[in-house]
Amino acid sequence: MAKKKSASSETSLVIVESPTKARTLSKFLGPGFTIEASIGHIRDLPESAKDVPKEYKQADWRHLGVNVHDNFRPIYVIPRQKAKQVRKLQQVLKKAKDLYLATDEDREGEAISWHLCEVLQPKVPVRRLVFHEITKEAVQEALEHPRQIDEALVRAQEARRIVDRLYGYEVSPLLWRKIGPRLSAGRVQSVAIRLIVERERQRMAFVPASYWDLLGVFAKATGETLQAALVSVQGRRIPTSRDFDPATGQLKDPSLFLLDESAANALCERLRQGEAVVRSVEEKPYLSRPYPPFTTSTLQQEANRKFGFTARRTMQAAQNLYESGHITYMRTDSTSLASVAVEAARQEVVGLFGPEYLAPEVRVYATKVKNAQEAHEAIRPAGHPFEHPDTLRGELGPDEEKLYELIWRRTLACQMADARGRTVAVTIELDDALFEVTGRIIDFPGYLRAYIEDPDDPQEANGNEKRLPSVSVGEKLQVESLEAKVHTTQPPPRYSEATLTRELEKRGIGRPSTYAAIIDTILARDYVFKRGSALVPTWTAFAVVQLLEQHLPELVDYDFTAEMEDELDAISRGELEHLDYLREFYFGKEHPGLKPQLEQKAAQINAREVGRIYIGQAPGPDNGPIYVRVGRYGPFLEHGNRRASLPEKMAPDELTAAAALKLLEQSQNGGQLLGVCPQTGKPVYLKTGRFGPYVQRGADDEENPQKASLLRGMKPEEVTLDLALQVLSLPRELGKHPETGEPVVVQSGRYGPFVKCGDQTRSLPEPLSPLTITLQEALDLLAQPKASRQRRSQASKEPLRVFEASPVTGKPVLLLVGRYGPYVTDGQTNASLPRGLPPEEVTLEQALELLARRASQPRRSRFSRKRASGRSQGTE
């Protein structure tokens with residue numbers, strides 16, 4: 001890297017958002033430019049009332065940071081961690097002859113440039129540079145045609161920021177008072193939670209149904225076989241899953257031929273004696289056209305499907321690729337391509353695949369999003385000709401390599417020829433039953449040659465075609481086998497990050513560039529948790545959605561939220577005055593505004609009612625409604641006067657009335673009685689608490705009954721009295737150390753089972769179990785070097801990530817792993833990563849934000865921390 005030149009009166013100052021972007025830009029600008037980074041926004045609304053300047057401390061709007069009585073004037077403050085960087089920019093600007101603001105071309109980038117002007121107050125000419133790719137040609141074009149800051153875009157961003165602040169800071173306190181602490185509400189966030197909760201409600205209401213059909217294998221005289229499924233008997237169609245009502249589990253059309261197990265087996269036996277004949281062969285041509293190039297939303301969805309990337313991980317990799325000059329700007333709703341990009345893609349197609357794979361005419365894709373204002377072009381490889389993915393191997397990180405190749409392939413494919421082929425449907429008659437099988441033959445793969453994950457896989461390259469043996473009408477086939485198959489209808493799938501993103505975009509809710517942050521927030525706030533890739537709502541999410549639906553329905557109405565998006569877009573186009581919009585939103589005009597609605601509803605909302613979710617009705621003499629109640633210390637079951645804890649990660653659709661009654665009975669009876677301990681005569685129970693299943697020796701009314709969590713991998717249904725007593729025997733002494741005479745003890749701890757002798761400890765590796773480990777195995781383990789300590793020491797010395805220097809301390813920001821998980825540090829302040837944020841997805845901006853929040857919190861003594869911890873944890 002070239003040595004940075006000092007600023008002088010002969011240089012122009014260029015300010016961008018990030019150091020990475022600054023380094024890439026320096027490759028194309030000569031010695032007459034000094035490039036500095038603002039490191040994101042240099043100022044923002046105050047986080048809380050304590051950050052508000054002194055002159056506003058007594059104002060009734062101080063908690064908002066927005067003077068709602070004075071044209072919604074925002075109060076901007078420079079965060080402490082940004083002060084040093086601002087001073088640096090001020091000093092460099094004093095020596096510059098002019099100022100170029102080269103922040104991103106969307107609303108956020110425009111707002112950063114505006115704030116820089118407001119804070120730095122430049123006395124030199126100011127120009128705005130806009131480019132959607134960091135290439136020499138694009139940068140030169142921007143220098144030749146600079147513009148001024150777009151005030152309409154700035155006002156649109158400011159209006160969004162103020163609306164989101166008013167929504168969040170006014171509605172969130174209502175949730176704290178009525179449901180529980182640490183909850184948050186948001187204009188798009190709350191609607192996203194409602195979508196997830198509504199899908200879970202559908203799953204809870206779903207009634208499964210089972211149905212049977214037959215699967216046959218039929219052989220030609222040549223020995224070739226084809227597998228076909230039963231579709232009708234005696235002219236009556238066999239039902240499929242879509243023929244059942246999800247609310248009742250019953251057939252929608254009773255005329256369909258529904259088979260049970262005995263009927264399916266009987267039919268199977270009868271048809272085995274028949275003779276199979278090909279009744280029809282239908283062949284139809286089909287055409288498949290390529291997808292448009294990527295937008296922010298479709299890139300997030302595809303990266304999630306193909307690589308399992310979260311939205312945050314995708315956007316971080318895309319940001320790195322953009323700032324390194326490899327792709328165009330990654331926050332865009334547009335599917336259009338510049339003419340030079342179209343030409344580059346078409347030349348690449350001819351060179352790599354041949355002219356027959358090129359679309360006869362240039363493909364033009366119309367943007368379907370209502371207001372694709374975020375950028376003027378789709379996401380594509382930067383420059384022309386495009387860089388081939390192979391030339392970047394080793395230069396990019398693994399995530400960036402995958403994402404670049406995906407973008408490159410999609411861009412090429414969008415200018416390629418259609419895939420052409422034939423679908424073949426064969427109907428086989430067997431006595432009074434019909435069987436069908438369909439296949440697909442690809443005659444010309446077209447764009448499928450490019451847009452696949454593994455181009456070396458011939459099956460993938462041919463689009464997963466399924467070829468059938470050639471048969472003719474009237475041809476006799478031998479019945480090789482017939483098998484009865486059972487099927488069960490499935491509830492609608494939960495949202496994944498990809499499907500939630502697609503649904504929000506389809507409804508016109510929010511902006512794709514914000515979806516990653518929204519998903520991060522709902523995970524961090526425990527509104528949802530992940531089970532695989534599925535987003536599962538918590539009972540807290542149910543309570544929040546229930547409160548908003550019943551008392552503030554407009555705030556989570558899908559159409560209303562989409563209309564808000566349209567109106568905010570109209571502000572960016574200069575079609576709507578932002579102050580008129582803010583007044584109507586907050587104070588109301590034709591309809592009640594946010595403020596009067598909250599004032600009216602606050603006293604009406606019954607906290608007990610909104611925090612109660614109906615599960616079902618208990619049968620028998622003890623009938624009555626069963627509820628989940630969301631309390632300050634978590635959710636619990638309620639049936640009359642009975643109460644029971646809920647397992648922490650139990651999905652709502654798993655809590656049926658029967659499952660709820662079982663938990664209530666276990667709680668009332670002291671859990672499931674496994675037997676009596678032969679040594680003590682005390683009862684032994686299997687119980688379920690908030691943090692999962694555990695065993696207990698002794699009744700609840702005894703003083704300090706012994707409890708022990710099940711070991712990792714144990715299933716409650718497999719726990720016997722003997723196994724429970726073994727778990728309760730921990731810690732247990734295995735014997736004496738032959739050299740020191742000290743006892744060797746095995747026990748289970750917070751981080752798993754381990755052995756201990758004196759001050760020496762060793763974790764138990766797989767497959768050793770604390771229940772079966774012998775003294776000799778423990779001695780062998782203790783004789784080995786303490787690998788766990790070495791790993792911890794190595795982890796503390798070798799950071800997972802090294803970021804740019806902190807503007808506060810001047811030291812690199814490090815991502816480390818500590819005893820309690822991953823955290824970031826700037827040499828002075830440590831901040832743990834929030835739950836739901838994987839270490840590999842942390843950005844410099846996020847790290848600085850976490851450090852700033854941690855630094856702004858008052859330091860507490862160890863004693864006060866223990867007291868706070870004790871207050872927050874409650875009891876079993």
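How many bridges join strand β1 to strand β5, and do the two run parallel or antiparallel? In this predicted model, four bridges link β1 to β5 (residues 98-101), and the strands run parallel. One place to look is Leu13, whose bridge partner in β5 is Leu99.

Strand β1 has another neighbour as well. Five bridges join β1 to β2 (residues 33-37), again in a parallel arrangement, and here Ile15 has Glu36 of β2 as its bridge partner. To get from β1 to β2, the chain passes through helix α1 (residues 19-26), making a right-handed β-α-β crossover. Now look at the side chains of β1 itself: Ser12, Val14 and Val16 point one way, while Leu13 and Ile15 point the other way, and all of them are buried. That fits the count for the strand (residues 12-16), where five of five residues are buried.

Let us turn to the nonpolar interior. In soluble globular proteins, nonpolar side chains tend to be buried together. The largest nonpolar core here has 159 residues, and the members touching the most others are Leu25, Leu637 and Leu655. Helix α5 (residues 151-178) gives this core its largest share, 10 residues. A second core, separate from that one, has 30 residues, including Ala228, Phe257, Cys268 and Val426. If you select Leu637 and leave out residues up to four places away in sequence, you will find contacts that include Ile626, Tyr627, Val628, Leu646, Leu655 and Leu664. Arg642 and Arg643 are also among the residues that Leu637 touches.

Next, follow the chain to helix α9 (residues 311-323). Its 13 residues should span 18 Å at 1.5 Å a residue, and the C-alpha atoms at its ends are 18 Å apart, so expectation and model agree. Is this helix enclosed or open? Because 11 of its 13 residues are buried, α9 is largely enclosed by the rest of the structure. The buried set includes Ala311, Met315 and Leu321, and also Arg312, Gln316 and Glu323. Just after the helix, Gly325 adopts a positive phi of about 85 degrees.

Tyr322, one of the buried residues of α9, leads us to the aromatic rings. The whole structure holds 14 aromatic pairs. For Tyr322 and Tyr329, the ring centres are 5.1 Å apart and the planes lie at 70 degrees, so this pair is edge-to-face. Tyr322 has 0% relative accessibility and therefore counts as buried; Tyr329, at 1%, counts as buried too. Elsewhere, Phe72, Tyr586 and Phe587 form one aromatic cluster.

How values were computed
Residues are numbered from 1 along each chain as its sequence is written. This is a predicted model: local features need pLDDT of at least 70, side-chain atom pairs count only at pLDDT 80 or more; totals for chains, interfaces and linings use all residues. Side-chain values use heavy atoms; hydrogens and water are left out. A nonpolar core is a set of buried Ala, Val, Leu, Ile, Met, Phe, Trp, Tyr and Cys residues joined through side-chain atoms within 4.5 Å. Buried means under 20% relative accessible area, exposed over 50%, partly exposed in between (1.4 Å probe, protein chains only). Contact means heavy atoms within 4.5 Å. Two strands pair if DSSP finds at least two bridges between them. A crossover is right-handed if, with the strands pointing away from the viewer, the path from the first strand over the helix to the second runs clockwise. The expected span of a helix is 1.5 Å times one less than its number of residues. Rings of Phe, Tyr and Trp (its six-membered ring) pair if their centres lie within 6.5 Å; planes under 30 degrees apart count as stacked, over 60 as edge-to-face and the rest as tilted.
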